[in-house]
Amino acid sequence: PNFMKVASITEAVKAHNDSGVDPHIEHILVHTGQHYDEKLSQCFFQELGIPEPDINLEVGSGSHAEQTAEIMKRFEPVLLEELPDVLIVVGDVNSTVACTLVASKIIYSNQTGNGRIRPVIVHVEAGLRSFDRNMPEEINRILTDALSDILFLTEEDAVKNLTSEGVAREKMVMAGNVMIDTLMRHLSIAKKSDVRNRFSIPSSYALVTMHRPSNVDTLEALKPLIKCLVEISKSIPLVFPVHPRTRNALERFQLLPALEQNSEIQLLDPLPYLDFLNLISSATIVLTDSGGIQEETTALHVPCITMRENTERPVTVTLGTNYLTGTDPSRIFSTAHKILSGQGKKGETPPYWDGKAGERIVKELIERLVA
């Protein structure tokens, strides 16, 4: 999802520079290479019009410690070479916290001429909390927010979360949701995709995504969820683009045949962004453990079941179309039945999710940093 967030910011920077209004922003895009699969990486740059990365660290996979450490090692020389005034990090992945840690400790030489010892650290999508420290992303969020100088928020709950952690209110700016910027900018194009014809997808279907380690990395967690999906498929066909991590787990636990042999469940490889956005926007219901998809379904007013015990995006539940069911198959099934019987909530769009978050971020940075 961070590619979609970056797309909004780069588009806003380009619009500002094209306007001819000072100051001109020199903009360097660093791709850590944390996500390196062609289907999960390169296609996003092509489809979303993101400039090719100026620098690709090509870190690849590894344990959390290995990946975070490798990003830090490779990112430090970039900062020392480029000497940026500002570092913008997005989301909550290992890249986010790794680059923030490096920037928070780095010391520029005197050639910068402005008396600062490091770049101003800006975190986009700050203040989200699941309150579950077993999630690696939660640790990344907490550390990144604690070290950042400017925090751009997507929802009001973030203000309360950050305040309770002692973050000064003047660091926080309500910007809106940059991922929804990208969704709104590309929705009309996505709706023209032929993905449903290409894969003979019926007019009514449930879209499934599942990749979270707590759901897929053990047989005890994954098997009940697969049985639940099979049960739901008796009421509505399922379309399931399978994340590489999930496919590996299904093969390892010998659960793949239960899906492959079910005529009502269609397994696909990971899809490009526009194809996937088409499927979300047209789905009758979405079942997921993804954070970003909770936001996208709320923006599109599509019912969503989140198969997790917590969510760092509570506004999607309180205002949006999201249901937080946990991983209990009976709750997932009963919620799906409720939605499919026409009793689902309609939801509404959260404040500031209007497609202009990137513009607000660039405007605020100019006002704060140039002044």
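## Two buried polar residues and two sets of parallel strands

D275 sits in helix α13, which covers residues 273–282. The model is predicted.

How exposed or buried is D275? At 8% relative accessibility, D275 falls under the 20% cut-off, so it counts as buried. Its side chain makes a polar contact of 3.1 Å with the side chain of R198. R198 also appears among the contacts of D275 beyond four places in sequence, together with S193 and V195.

T321 is a second buried polar residue. It lies in a loop, between α15 (315–318) and β12 (322–324). Its relative accessibility is 1%, so T321 counts as buried. Which backbone atom does the side chain of T321 reach? The partner is the backbone oxygen of V302, at 2.7 Å. Beyond four places in sequence, T321 touches residues including T297, T298, H301, V302, P303 and C304. T316 is on the list too, as are K345, K346 and G347.

### The open sheet

Four strands form an open sheet in the order β3-β4-β5-β6, and the pairing is parallel. β3 (86–90) and β6 (172–174) are the edge strands. Each has a single partner strand, so one side of each lacks a neighbour in the sheet. From one strand to the next, the twist averages 20°.

Strands of a sheet pair through backbone hydrogen bonds, in either a parallel or an antiparallel sense.

Inside this sheet, β4 (residues 120–126) pairs with β5 (residues 150–153) over 4 bridges. One register point is clear: H123 has L151 of β5 as its bridge partner.

A helix covers the four strands. Helix α17 (residues 357–370) lies across β3, β4, β5 and β6. It runs at about 155° to β5.

### Strands β7, β8 and β9

Strand β8 (residues 238–241) pairs with β7 (residues 206–208) and with β9 (residues 265–268). Both pairings are parallel. The table sets these pairs beside β4 and β5.

| Strand pair | Sense | Bridges | A bridge pair |
|---|---|---|---|
| β4 and β5 | parallel | 4 bridges | H123 and L151 |
| β7 and β8 | parallel | 2 bridges | A206 and L238 |
| β8 and β9 | parallel | 4 bridges | V239 and Q266 |

Which way do the side chains of β8 point? L238 and F240 point one way, and V239 and P241 point the other way. All four residues are buried. L238 is also the bridge partner of A206, while V239 has Q266 of β9 as its partner.

### The chain as a whole

How many helices and strands does the chain hold? There are 17 helices and 12 strands. The radius of gyration is 21 Å, close to the 21 Å that the globule rule gives for 371 residues, so the chain is as compact as a globular protein of that length. The C-alpha trace spans about 65 × 40 × 40 Å along its principal axes.

Buried residues account for 52% of the 371 residues. D275 and T321 belong to that buried class, as do L238, V239, F240 and P241 of β8. Among contacts between residues at least 6 apart in sequence, 67% join residues at least 24 apart. The accessible surface comes to about 16700 Å². Of this surface, 51% belongs to carbon and sulfur atoms.

Key
Residues are numbered from 1 along each chain as its sequence is written. This is a predicted model: local features need pLDDT of at least 70, side-chain atom pairs count only at pLDDT 80 or more; totals for chains, interfaces and linings use all residues. Side-chain values use heavy atoms; hydrogens and water are left out. Two strands pair if DSSP finds at least two bridges between them. Axes are lines fitted to C-alpha atoms, for helices over the stretch in contact, and angles run from 0 to 180 degrees between N-to-C directions. Contact means heavy atoms within 4.5 Å. The radius of gyration is taken over C-alpha atoms; the globule rule is 2.2 Å times the number of residues to the power 0.38. Buried means under 20% relative accessible area, exposed over 50%, partly exposed in between (1.4 Å probe, protein chains only). Accessible areas come from the Shrake-Rupley method with a 1.4 Å probe; for residues, only the protein chains shown count as cover. A polar contact is a pair of N or O atoms within 3.5 Å; within protein, one must be able to donate a hydrogen and the other to accept it, and residues adjacent in sequence count only if both atoms are side-chain atoms.
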